[in-house]
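Here are some notes for a first look at this model. Please keep the structure open while reading.

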Amino acid sequence: GFAHEFAPSVIAYAMLDGRLQTQQEGLGSVSATPRVGLLGSIGDQWKSLVSVGYRTYVDGRRSEEPVIKIENRFGGSRTWDIRASYEEHVAREFKVSFSYYW
């Protein structure tokens, strides 16, 4: 991938994800997802991520899929944070999570 810092609190990136997935029955799939995104922070307490990609299956047996993710991380501690995220890939998910790190 490639990243560029626009300001001390804003970073843009582009990357290519590769994926090899197996299945119990059948051949599985191979896919590539070109992705662009922005990472930013509003002070030490709030960090955000916006990412957009498009998954393409190499074998062409499955349809192509957009991949969208928006995530906000709240909390400036190294031991905990609260995250709110939205992800769209096949289904739409909204999550709120609390993490504790030790």
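1. In which strand is the place of Y57? Y57 sits in strand β4. Bear in mind throughout that this is a predicted model.

2. Is Y57 buried or exposed? Y57 counts as buried, because its relative accessibility is 7% and the cut-off for buried is under 20%. Setting aside residues up to four places away in sequence, Y57 touches S29, V30, S31, R62, S63 and E65. With E65 there is also a polar contact, side chain to side chain, at 3.1 Å. For a sense of distance, take Q23: Y57 and Q23 are 34 residues apart in sequence, and their C-alpha atoms are 15 Å apart in space.

3. Now R55. R55 also lies in strand β4, which covers residues 46-57. R55 is buried, yet R55 has no salt bridge. Which side chain of opposite charge is nearest to R55? That is E65, 4.6 Å away. The distance is beyond the salt-bridge limit, because a salt bridge needs the charged atoms within 4 Å.

4. What does the side chain of R55 join through a polar contact? The partner is the side chain of H89, at 3.3 Å. Leaving out neighbours within four places in sequence, the contacts of R55 are R19, S31, A32, T33, E64, E65, V67 and H89. E65 is thus a contact of R55, and E65 is touched by Y57 as well.

5. Move on to I70, in strand β5 (residues 65-74). I70 is partly exposed, because its relative accessible area is 36% and partly exposed lies between 20% and 50%. I70 and V50 are 20 residues apart in sequence, but 4.6 Å apart in space, C-alpha to C-alpha. V50 is among the contacts of I70. The others, leaving aside neighbours within four places in sequence, are L49, A84, S85 and Y86.

6. Look at the surface next. Which residues form a nonpolar patch there? They are I42, W46, F74, W80, I82, F94, V96, F98, Y100 and W102. Together they have about 1200 Å² of accessible area. The elements giving two or more residues to the patch are β6 (80-89) and β7 (91-100). β7 gives the most, with 4 residues.

7. One patch member deserves a closer look: W80. W80 lies in strand β6. W80 counts as partly exposed, because its relative accessibility is 33%.

Terms used. Residues numbered from 1 in each chain as written. Predicted model: local features only at pLDDT ≥ 70, side-chain atom pairs only at ≥ 80, totals over all residues. Heavy atoms only, no water. Buried < 20%, exposed > 50% of the residue type's maximum accessible area, 1.4 Å probe, protein only. Lys, Arg positive; Asp, Glu negative; His and termini not counted. Polar contact = N/O pair within 3.5 Å; in protein donor to acceptor, adjacent residues only side chain to side chain. Contact = heavy atoms within 4.5 Å. Patch = residues over 30% accessible without salt bridge, like charges linked within 9 Å, V, L, I, M, F, W, Y side chains within 5 Å. Areas by Shrake-Rupley, 256 points an atom, 1.4 Å probe, with all protein chains shown as cover.
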